[in-house]
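Me: Could you walk me through this structure with some questions and answers? I would like to see how each answer is reached.

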Amino acid sequence: MAMLDRFRTVLVNPTEEEELAREPLLKFSFYLSSRVIQLLDLGEEIKGKLDAGLSADRFDGRVLGNAGVLAWLWVLGAYELVRTMCQPQNAFSPPILAKLLALKRRLELVRMPDAKMEPKGRNHPANSNRAPPFWDLENQDVILGDFENGSDRFRPLLEEFDEVMSAMTPADVLLHHHETYKRPAEPAAAADGGGRWAFPSSQVPQPRRC
């Protein structure tokens, strides 16, 4: 994937500019940027399990069962990260925010019936008797969500997630996560052991309710 490809080259004593060129989300949050990379790595693992367990002449229930659970958890994690990035409305450039909002809507469509067992925006239950995973044999994929109220395949979701994160540049990140809470900003310091991306512990704001 495009984002993970950036990490194939090891940076030796990188400058701040070099680090941000590879990982622009560091400007927003060291923690969130790390989670994005982990989700992309998990996505590759899920794709490998789908390739190994699902083909024209092979259906490995054990491998696919594991892939289905991981894909479900991946959607929940990806949605929360994207929601956090969309929430401030002013932390990213308008083009990137538009991509993030579109991705959030797509993830939301499958997250609601899979996590809350109800369709997005509707006060009634999704089908409670459907099988946890559905399989797309032709595309070697797992189908997430609810056919009656909104579903999507895992591989295209992962591709769009990677495309949005890869499209970001340092110039697209306008605010640090903590700055979106409208607290007085201070220069980043290594007070929390996070190097240049740490935020001063004295300025950590109280979490707001979502």
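Me: Which backbone nitrogen does the side chain of histidine 176 reach?
Reply: Happy to start there, and please keep in mind that this is a predicted model. Histidine 176 sits in the segment after helix H6 (154-167). From that place, its side chain comes to 3.0 Å from a backbone nitrogen, that of histidine 178.

Me: Does histidine 176 count as buried or exposed?
Reply: The cut-off for buried is under 20% relative accessible area. Histidine 176 has 16% relative accessibility, so this residue counts as buried.

Me: How many of the 14 residues of H6 are buried?
Reply: H6 reaches 20 Å from its first C-alpha to its last, close to the 20 Å expected at 1.5 Å a residue. Its buried residues include Phe154, Leu157, Phe161 and Val164, and charged side chains such as Arg155, Glu160 and Asp162 are on the list too. H6 is largely enclosed by the rest of the structure, because the number of its residues that are buried is 11 of the 14.

Me: What pattern does the protein chain follow along the sequence?
Reply: The chain has six helices and five strands. Of its 210 residues, 43% count as buried. Read along the sequence, the order of helices and strands is α-α-α-β-β-α-α-β-β-β-α.

Me: Which residue stands opposite phenylalanine 134 in E4?
Reply: Strand E3 (residues 134-136) and E4 run antiparallel and are joined by three bridges. The hairpin they form has four residues between the strands, and glutamine 140 takes a positive phi near 50 degrees there. Across from phenylalanine 134, E4 places isoleucine 143.

Me: How many residues of strand E4 (residues 141-146) are buried?
Reply: E4 pairs with E3 through three bridges, and with strand E5 (residues 150-153) through four bridges, again in the antiparallel sense. E4 is largely enclosed by the rest of the structure, because its buried residues number six of the six.

Me: What is the bridge partner of leucine 144 in E5?
Reply: E4 and E5 are joined by four bridges. In one pairing, aspartate 146 stands opposite glycine 150. For leucine 144, the partner in E5 is aspartate 152.

Me: Which side chains of E5 point to one face and are buried?
Reply: In a regular strand the side chains alternate between the two faces of the sheet. E5 shows this alternation: Ser151 and Arg153 point to one side and are not buried, while the buried ones on the other face are Gly150 and Asp152.

Me: How far apart are the end C-alpha atoms of H3?
Reply: Serine 29 caps the N-terminal end of H3, with a side-chain oxygen 3.3 Å from the backbone nitrogen of tyrosine 31. Among the buried residues of H3 are Leu32, Val36, Leu40, Ile46 and Leu50. At 1.5 Å a residue, the 24 residues of H3 should span 34 Å, which agrees with the distance between its end C-alpha atoms, 35 Å.

Me: Which residue caps the N-terminal end of H4?
Reply: The 26 residues of H4 should span 38 Å at 1.5 Å a residue, and its end C-alpha atoms are 37 Å apart, which agrees. At the N-terminal end, a side-chain oxygen lies 3.1 Å from the backbone nitrogen of arginine 62, and the residue that supplies this oxygen is aspartate 60.

Me: Which helix gives the largest share of the lining of the largest cavity?
Reply: The structure holds one cavity of 30 Å³ or more, and the volume is about 50 Å³. Its lining includes Met3, Glu23, Ser33, Val36, Ile37 and Met165, and by class there are seven nonpolar, one polar and one charged residues. The largest share, three residues, comes from helix H3 (residues 30-53).

Me: What is the relative accessible area of asparagine 13?
Reply: Asparagine 13 lies in the loop between helix H1 (2-5) and helix H2 (16-22). Its phi is positive, about 45 degrees, although it is not a glycine. Asparagine 13 is exposed, with a relative accessible area of 72%.

Me: How does glutamine 89 count by its relative accessibility?
Reply: Glutamine 89 is in the loop between helix H4 (61-86) and helix H5 (94-116), and has a positive phi of about 70 degrees although it is not a glycine. At 48% relative accessibility, glutamine 89 counts as partly exposed.

Methods:
Residues are numbered from 1 along each chain as its sequence is written. This is a predicted model: local features need pLDDT of at least 70, side-chain atom pairs count only at pLDDT 80 or more; totals for chains, interfaces and linings use all residues. Side-chain values use heavy atoms; hydrogens and water are left out. On a 1 Å grid over the protein atoms alone, a cavity is a set of points where a 1.4 Å probe fits but cannot get out, and a pocket is an open set with protein on both sides within 12 Å along at least five of seven lines; lining residues have an atom within 4 Å of a point. Grid points are joined across faces, edges and corners, and a volume is the space filled by probe spheres set on the points. Helices (H or I, at least four residues) and strands (E, at least two) are DSSP runs, numbered from the N terminus. The expected span of a helix is 1.5 Å times one less than its number of residues. Buried means under 20% relative accessible area, exposed over 50%, partly exposed in between (1.4 Å probe, protein chains only). A polar contact is a pair of N or O atoms within 3.5 Å; within protein, one must be able to donate a hydrogen and the other to accept it, and residues adjacent in sequence count only if both atoms are side-chain atoms. Two strands pair if DSSP finds at least two bridges between them.
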